[in-house]
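Work through the exercises below with the sequence and the structure side by side. Try each task before reading its solution.

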Amino acid sequence: MNSTNFGVLVGRLTRDVEVRKNSDGSAKAFVNIAVDDNFKSGQDKEYHAQFINAEGFISKDKKNLVVYEYMKKGTLVSLAIQLKNDQYLDKDNKQQYRQYVFITDVKLLASPKGANEQTAVVEETVEDEPLF
């Protein structure tokens with residue numbers, strides 16, 4: 001059986017997307033999504049949410065920027081994701097490691113609750129290019 005590094009998160013954005021530009025013209029999008037557990041837990045036996053940070057790559061030609069521009073706090077989204085590992089040198093020149101959630105595909109499912117405007121159906125597949 002082949003192993004795979006793929007998952008899907010469906011939930012609402014807890015804040016507007018933050019886009020940070022890189023020196024080469026590309027950018028990274030930072031997203032925080034609230035995802036409900038599919039089981040009840042705790043003494044109150046209620047559903048609880050997990051708050052997950054994820055990162056997406058925006059290419060130099062900005063083709064996939066439009067999808068992030070539609071993503072506002074409260075928007076219901078579906079994120080296809082992969083887990084990625086990264087290593088870098090910190091300010092003390094010490095090797096650091098991190099694991100993060102990388103967005104490979106985005107689907108906007110619904111506007112924020114109470115929003116009057118209708119969200120366009122936007123789908124974007126992100127090319128897996130280096131983030132740095």
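**Exercises on a predicted chain**

Aspartate 37 and glutamine 50 have side chains joined by a polar contact of 3.2 Å. This is a predicted model, in which local features need pLDDT of at least 70 and side-chain atom pairs count only at pLDDT 80 or more, while totals for chains, interfaces and linings use all residues. Residues are numbered from 1 along each chain as its sequence is written, and side-chain values use heavy atoms, with hydrogens and water left out.

**Exercise 1. Describe the secondary structure.**

Step 1. Helices (H or I, at least four residues) and strands (E, at least two) are DSSP runs, numbered from the N terminus.
Step 2. On this basis the chain has 1 helix and 7 strands.
Step 3. Along the sequence the pattern reads β-β-β-β-α-β-β-β.

**Exercise 2. State how confident the prediction is, and where confidence is lowest among the elements.**

Step 1. The predictor's confidence in each residue is its pLDDT, from 0 to 100.
Step 2. The average over the chain is 83, and 84% of the residues score at least 70.
Step 3. Among the elements, strand S7 (residues 123-125) has the lowest mean pLDDT, 48, and S1 has the highest, 95.
Step 4. The pLDDT is below 50 over residues 118-124; in the model this stretch has 20 contacts beyond near neighbours in sequence. A contact means heavy atoms within 4.5 Å.

**Exercise 3. Place aspartate 37 and decide whether it is buried or exposed.**

Step 1. Aspartate 37 is part of strand S3 (residues 27-41).
Step 2. Buried means under 20% relative accessible area, exposed over 50%, and partly exposed in between (1.4 Å probe, protein chains only).
Step 3. Aspartate 37 has a relative accessible area of 15%, so it is buried.
Step 4. Leaving aside neighbours within four places in sequence, aspartate 37 is in contact with Tyr47, His48 and Gln50.
Step 5. The link to glutamine 50 is also a polar contact, at 3.2 Å between the side chains. Such a contact is a pair of N or O atoms within 3.5 Å; within protein, one must be able to donate a hydrogen and the other to accept it, and residues adjacent in sequence count only if both atoms are side-chain atoms.

**Exercise 4. Describe the largest nonpolar core.**

Step 1. A nonpolar core is a set of buried Ala, Val, Leu, Ile, Met, Phe, Trp, Tyr and Cys residues joined through side-chain atoms within 4.5 Å.
Step 2. The largest one has 21 residues, and those with the most contacts inside it are Val31, Tyr68, Met71, Leu79, Ile103 and Val106.
Step 3. Two or more residues each come from strand S1 (7-13), S3, strand S4 (46-58), helix H1 (65-70), strand S5 (76-89) and strand S6 (95-110).
Step 4. S3 gives the largest share, 5 residues.
Step 5. Methionine 71 touches Leu13, Asp16, Val17, Val31, Val77, Leu79, Val106 and Leu108, when residues up to four places away in sequence are not counted.
Step 6. In soluble globular proteins, nonpolar side chains tend to be buried together.

**Exercise 5. Compare leucine 108 with phenylalanine 51: which strand holds each, and is each buried or exposed?**

Step 1. Leucine 108 lies in strand S6, and phenylalanine 51 in strand S4.
Step 2. Leucine 108 has a relative accessible area of 6%, so it is buried.
Step 3. Phenylalanine 51 is at 57% relative accessibility, so it counts as exposed.
Step 4. Leaving aside neighbours within four places in sequence, phenylalanine 51 is in contact with Thr14, Asn32, Ile33 and Ala34.
Step 5. Leucine 108 and leucine 79 are 29 residues apart in sequence and 8.8 Å apart in space, C-alpha to C-alpha.

**Exercise 6. Examine two loop residues, lysine 60 and asparagine 93.**

Step 1. Lysine 60 sits in the loop between S4 and H1. Its relative accessibility is 55%, so lysine 60 counts as exposed.
Step 2. Lysine 60 and serine 26 are 34 residues apart in sequence, yet 4.2 Å apart in space, C-alpha to C-alpha.
Step 3. Asparagine 93 belongs to the loop between S5 and S6. At 59% relative accessibility, asparagine 93 counts as exposed.
Step 4. The phi of asparagine 93 is near 65°, a positive value in a residue other than glycine. Most residues other than glycine have a negative phi.
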